[in-house]
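Student: Could you take me through one part of this protein slowly, a pair of packed helices, and then show me what else stands out around the chain? I'd like to follow along at the bench with the model open.

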Amino acid sequence: MKSLSPRLRVIVLIICFGLILPIEVPVAWGQSKSAGSKSRGKTRKKSSSRTTRRGSRSSRKVATTNRPSFDNVISANRAMLTEASEAESASAKIDEGVLRAHVKFLADDLLEGRGPGSRGGMLAAKYIAAQFESLGLEPATADRGYFQQVQMIGSMPDPANKLVVRGGKESEETAEFKFGEEFVGGTDLEQNDIPIIGDIVFVGYGIQSLENKWDDFKGQDLRGKILMIMVNDPPATSSEPNLFGGPALTYYGRWTYKYEQAARIGAAGVLLIHTNESAGYGWSVVRNSWGAERFGLLPDGKTPALRLKAWVTEDVARKIAQMGGYNLDQLRQSAASRNFRPVGLNAKIEMMMKTQVQRMTSPNVVAIYRGIDPTLKNEYVVYSAHWDHLGIRPDQSGDNIYNGAADNATGVAGLLAVAKAYTSLGIKPKRSILFIATTAEEQGLLGAEFYIRNPLVPIAQTAANINLDLMNVHGVTTDITPMGAERSTIGVAIEELAKENQLIISTDAHPEQGFFYRSDHFPFAKAGIPAVNFDPGTKFVGHSDKWAEEQTQDFRRNRYHQPSDEYSPNWNFSGMVQQARLAFQLGLRLANTNEMPQWYKGDEFEGARLKTIGRSQ
Ligand SMILES: [Zn+2]
């Protein structure tokens with residue numbers, strides 16, 4: 001079958017299955033023949049055929065073995081009716097050659113690690129735009145361009161900065177804490193010297209959550225204050241085992257939430273308390289990532305900003321509490337309760353924070369494939385994948401190019417291949433498809449965050465986001481891992497898809513580590529858009545689970561965010577083909593379903609969605 005053209009292959013399949021199911025075939029055949037027609041009537045008919053397809057599933061028998069072959073996994077039970085055969089034939093445009101070519105180019109040394117703001121980064125962005133244009137996708141910006149320019153600032157803290165705390169009723173006691181060793185800090189502001197003066201208030205976990213009925217601020221006016229905050233979310237109790245997701249980490253527990261929430265209520269700054277156990281890593285990790293230049297979005301005047309975003313060691317937090325007349329352990333204990341109220345310490349910060357700030361601009365590459373339903377074409381399914389990686393480190397000897405082949409030349413290749421599949425559909429989808437290759441993901445999801453602050457299509461009309469980051473280079477799997485699928489009705493579509501392709505759905509193995517909050521789908525989720533990170537499967541055909549785990553560990557240890565994340569001619573692209581085809585089919589399904597996906601009740605992002613679509617909680 002491999003040697004046949006995709007279209008021919010579909011026809012052969014239809015004929016083969018037609019012999020088994022003579023009743024359904026005339027319908028399928030008739031619709032298939034009219035596939036070239038793009039009239040509304042035809043697409044309407046298509047959706048009503050869904051029930052037929054589902055109903056017939058049990059009667060469809062495909063030869064199965066314990067280890068299904070690649071073609072079986074991908075195309076089992078397909079090509080029965082128009083929609084399925086359409087999807088199948090367009091899916092076939094996603095092949096190894098396409099994916100390999102994109103990855104090889106994007107991960108080439110010539111692109112110097114695709115750092116945002118660098119020449120290599122621009123080469124990558126222009127390459128992607130050229131691909132979009134050659135596929136005939138519409139440019140998505142208001143002035144009909146493919147580049148949405150993201151403005152960022154990089155700020156480099158002066159290592160001589162000191163955190164100065166004055167304690168006691170008359171501020172008679174002063175302590176100075178050293179940058180790097182005892183605290184690290186940055187800012188949201190585009191300013192070199194920032195005076196920071198403010199009373200310190202301990203606000204426990206610093207959380208305000210409707211669905212958990214939790215509010216650490218209790219309506220107190222905390223404008224201009226410096227908030228001392230614990231990381232993670234409050235522990236579940238025996239009476240409330242699912243409080244804040246039980247053992248899973250919710251977004252309220254992430255340090256990024258703490259900063260955002262503090263800014264929203266008008267605080268001037270934040271001191272996050274680092275403990276090895278709450279972070280899962282030592283102080284050195286905090287010091288390394290905050291001691292160097294950090295990037296953020298250029299303040300836009302409408303998004304709340306913090307003057308000081310700092311981390312302190314546990315010892316420093318203890319000292320500050322004590323200077324302010326309290327015991328840190330007692331404070332933390334009181335924070336585990338709903339009745340907790342902010343505690344104003346008899347202590348304040350007085351310091352000048354010196355930083356070197358510079359601007360940087362780098363584009364999200366954006367394009368639209370227009371749907372055909374008169375109403376639904378104004379709604380969008382978004383595919384995203386970040387094109388950036390860590391660039392080049394001239395000060396480093398040896399290979400200093402961070403090629404980011406797996407992370408994330410693969411995701412961009414997947415995105416481009418999915419776009420190609422859409423453009424080869426005979427019948428366009430009902431909803432429109434927006435493709436975003438984001439910049440500066442490695443700097444803190446900045447491209448995606450910027451997009452959400454400056455959306456090119458209305459957030460309320462954005463149906464779903466499918467994100468591709470780190471695709472499968474190890475071969476075909478018998479499962480998929482759509483991270484976040486269980487949170488929304490996207491999961492229902494995925495279940496259908498998995499069933500039809502004889503795949504099982506694996507779930508996030510480490511929900512306590514909060515991976516859901518660490519790639520570009522997350523800013524979409526936060527804005528209320530149902531989202532999945534379409535991760536590779538974990539059960540590889542012909543390999544044991546142990547082997548799979550070894551591949552993961554090997555990548556984490558020896559390649560992840562290192563110059564050795566390079567393209568290898570030994571990569572097995574068949575799994576990436578499978579993954580990209582499934583991502584395509586999932587989006588197509590979401591684009592053709594009458595209802596937009598919804599969060600399940602009580603999910604932490606449901607509130608944001610209800611707000612944007614104008615329904616209160
Ligand atoms: Zn990545």
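Tutor: Happy to. In this predicted model, helix H6 and helix H13 cross in a right-handed sense. The residues that make the contact on the H6 side are Val98, Leu99, His102, Val103 and Leu106. On the H13 side they are Ala405, Ala409, Thr410, Val412, Ala413, Gly414, Leu416, Ala417 and Lys420. H6 covers residues 96-106 and H13 covers residues 405-423, and their axes come within 8 Å of each other. The crossing angle is roughly 135°. Angles over 145 degrees would count as roughly antiparallel and 65 to 115 as roughly perpendicular, so H6 and H13 are classed as oblique to each other.

Now for the wider setting. The protein has 617 residues, and buried ones make up 48% of them. It holds 19 helices and 21 strands. Among contacts with a separation of 6 or more, 82% are between residues 24 or more positions apart.

From the helices, let's move to strand S12, residues 308-312, where five of five residues are buried. Leu308, Ala310 and Val312 point one way from S12, while Lys309 and Trp311 point the other way, and all are buried. S12 has strand partners too. With strand S10 (residues 269-273) the pairing is parallel and has five bridges; here Leu271 has Ala310 as its bridge partner in S12. With strand S5 (residues 183-186) the pairing is antiparallel, with four bridges. You can trace that second pairing through two pairs of residues: Phe183 is partnered by Val312 of S12, and Gly186 by Lys309 of S12. S5 itself has Phe183 and Gly185 pointing one way and Val184 and Gly186 the other, all of them buried.

Strand S3, residues 162-167, makes a good contrast. Leu163, Val165 and Gly167 form a covered face on S3, whereas Lys162, Val164 and Arg166 form an uncovered one. S3 runs antiparallel to strand S4 (residues 173-178), joined to it by six bridges. S3 also pairs in the antiparallel sense with strand S13 (residues 343-369), over three bridges. Gly167 is a handy residue to click on here: it stands opposite Glu173 in S4, and Gly167 also stands opposite Ala347 in S13.

One loop residue deserves a stop as well. Phe516 sits in the loop between strand S20 (504-505) and helix H16 (521-526). Phe516 has 22 C-beta neighbours inside 10 Å, and therefore counts as buried, the cut-off being 20 or more. Beyond its neighbours within four places in sequence, Phe516 is in contact with Met483, Gly484, Phe522 and Asn533. Thr250 is 266 residues away from Phe516 along the chain, yet their C-alpha atoms are separated by 8.9 Å.

Finally, a word on confidence while you have the model open. The mean pLDDT of the protein is 87, and 86% of its residues reach 70 or more. Over residues 1-65, though, pLDDT stays under 50. In that stretch the model has 70 contacts beyond four places in sequence. Predicted coordinates should not be read in detail where pLDDT is low.

Note on methods: Residues numbered from 1 in each chain as written. Predicted model: local features only at pLDDT ≥ 70, side-chain atom pairs only at ≥ 80, totals over all residues. pLDDT = per-residue confidence, 0-100. Contact = placed C-beta atoms within 7 Å. Buried ≥ 20, exposed ≤ 12 C-beta atoms within 10 Å, placed from the backbone. Pairing = 2+ DSSP bridges. Axes fitted to C-alpha atoms, helices over the stretch in contact; angles between N-to-C directions. Parallel < 35°, antiparallel > 145°, perpendicular 65-115°, else oblique. Left-handed = near helix turned anticlockwise from the far one by under 90°.
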